[in-house]
Amino acid sequence: AKEKEHMNLAFIGHVDHGKTTLVGHLLLQAGAIAEQQLADGEDKFRFVMDRLSEERERGVTIDLAHAKFETDKYEFTIVDCPGHRDFVKNMITGASQADAAVLVVAVDDGVMPQTKEHVFLSRTLGINQLIVAINKMDLVNYDEEKFNALKDEVSALIKTVGYKPSEVEFIPLSAFEGDNITSKSENTPWYKGKTLVEALDDLEAPEKPVDLPLRIPIQDVYSITGVGTVPVGRVETGVLKKGENVIFEPAGVSGEVKSIEMHHEMIDQAEPGDNIGFNVRGVGKNDIRRGDVAGHLDNPPKVAKEFTAQIVVLQHPGVITVGYTPVFHCHTAQVACTFLELVQKMNPATGQVEEENPDFLKTGNAAVVKVKPTKPLVIEKIKDIPHMGRFAIRDMGQTVAAGMCIDLVPAK
Ligand code: GDP
């Protein structure tokens, strides 16, 4: 059988609106599939690749995160729901960038603060496809009027951040009773649209960013007998071919690609999404480290002296002021960065400017800020290479903010 295309799916929405119940139902009805078995047999790259996937999975705390289910066309992996720890960090650092989101809104409760926040956040995080599940229809006797009223309200909301309501499916369902999830419900004869599974099947597969510049954030660097130094990472964008010249930044070392290995096999070229180990002539184990990024010598990764970012403050016990220096997690890098300037404060639900040069930022604020990495950091403008422009800001053991780079001053 042909391998199904893969999609990462996020479930977003206000707490208690039924995300977990809905995911549970999908897994039951659409048939969860077993974790892929690792190929048997020992070889030297196996250890490396296993380590890599362990790192990916680390920090997953809820049962449903990373669960998989299939529809006719796709294999879906569920990425953490927001509200669950580390969702934003996972999304931003790329471990589980969602290709689409299901926004769950309970019909008895309607649009709530987290509904708005998550809609804005999904847009900021680059989730371009949305399905709206109007849940708990059983609680309102499957009333068409109530469905339509909430559909209008949610349409207006998603429109403010740039989604096109006409391209979004609104589905009346009950996660509890199973209406309109895998089959059309007799309880909603007035509804002529798709079931949730049909809507999922009609999503567009993400395009592989093969035409963007090559970027491979390095996850780890190994020394392998008979091969030499093997940096390991996932190709985020572009295509890497054997024999090409690559440079690692900020390390600044370069050389020719001698070999590329994936799933314990030698390959001639690697594409976005591929987890690879590769060997570069003349680059030693101590020349490069986790957080460096490989790119082609003629289009090297950008090292920022300073950058301008759009951020959302998710949870901060105090206030953020100029001089604050938390750790930024960007692709595989972790670098402390100092806030140099608070440029603008915005409404987190609409993005509208509320204040120029605010004195401080607190939980719930969105803002444009200028920051300076305390040591060299590779980051790209979101409009140039979206996959390399997002970051999470961590402090005191939690993700305090999330954002993206909108402009930068190169280091050289
Ligand atoms: P989450 O916080 O969004 O993950 O919400 P949960 O899935 O935990 O659901 C919150 C509560 O709503 C639970 O008590 C569920 O049993 C209930 N619930 C979820 N979906 C439905 C539904 O379609 N109908 C009804 N009546 N209750 C639901």
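A polar contact is a pair of N or O atoms within 3.5 Å; within protein, one must be able to donate a hydrogen and the other to accept it, and residues adjacent in sequence count only if both atoms are side-chain atoms. Asn135 offers such a pair: a polar atom of its side chain lies 3.1 Å from an oxygen atom of the ligand.

This is a predicted model, in which local features need pLDDT of at least 70, side-chain atom pairs count only at pLDDT 80 or more, and totals for chains, interfaces and linings use all residues. Residues are numbered from 1 along each chain as its sequence is written, and side-chain values use heavy atoms, with hydrogens and water left out.

**Around the ligand**

- The ligand is surrounded by 15 residues (each with a heavy atom within 4 Å of it). The closest are Asp16, Lys19, Thr20, Thr21 and Asp138.
- The side chain of Asp138 has an N or O atom 2.8 Å from a nitrogen atom of the ligand.
- Ser174 brings a polar side-chain atom to 3.1 Å from a ligand oxygen atom. Taken alone, the ligand exposes 570 Å², and the protein buries 75% of that. Accessible areas come from the Shrake-Rupley method with a 1.4 Å probe; for residues, only the protein chains shown count as cover.
- The shell holds four nonpolar, seven polar and four charged residues. Here Ala, Val, Leu, Ile, Met, Phe, Trp, Tyr, Cys and Pro count as nonpolar, Asp, Glu, Lys and Arg as charged, and the others, Gly among them, as polar.
- Helix H1 (residues 19–29) gives the most to this shell, with three residues.

**The whole chain**

- The chain has six helices and 23 strands. Both are DSSP runs numbered from the N terminus: helices are H or I with at least four residues, strands are E with at least two.
- Of the 412 residues, 53% count as buried. Buried means under 20% relative accessible area, exposed over 50%, and partly exposed in between (1.4 Å probe, protein chains only).
- A contact means heavy atoms within 4.5 Å. Among contacts between residues at least 6 apart in sequence, 71% join residues at least 24 apart.
- The accessible surface comes to about 18600 Å², and 47% of it belongs to carbon and sulfur atoms.

**Three residues to find**

- Thr20 lies in helix H1. Thr20 counts as partly exposed because its relative accessibility is 46%. Its C-alpha atom is 9.0 Å from that of Ala175, although the two are 155 residues apart along the chain.
- Ser259 lies in strand S11 (residues 253–262). Its relative accessibility is 16%, so Ser259 counts as buried. Beyond its neighbours within four places in sequence, Ser259 has contacts that include Val227, Lys242 and Met266.
- Phe328 sits in strand S17 (residues 327–330). Phe328 is buried because its relative accessible area is 2%. Leaving out residues up to four places away in sequence, its contacts include Phe307, Val335, Phe339 and Phe391.
- Phe328 and Ser174 are 154 residues apart in sequence, and their C-alpha atoms are 40 Å apart in space.

**Confidence**

- The chain averages a pLDDT of 85, and 85% of the residues score at least 70. pLDDT is the predictor's confidence in each residue, from 0 to 100.
- Over residues 32–63 the pLDDT is below 50. Beyond near neighbours in sequence, this stretch has 52 contacts in the model. Where pLDDT is low, the predicted coordinates should not be read in detail.
- The model scores ipTM 0.99 and pTM 0.71.
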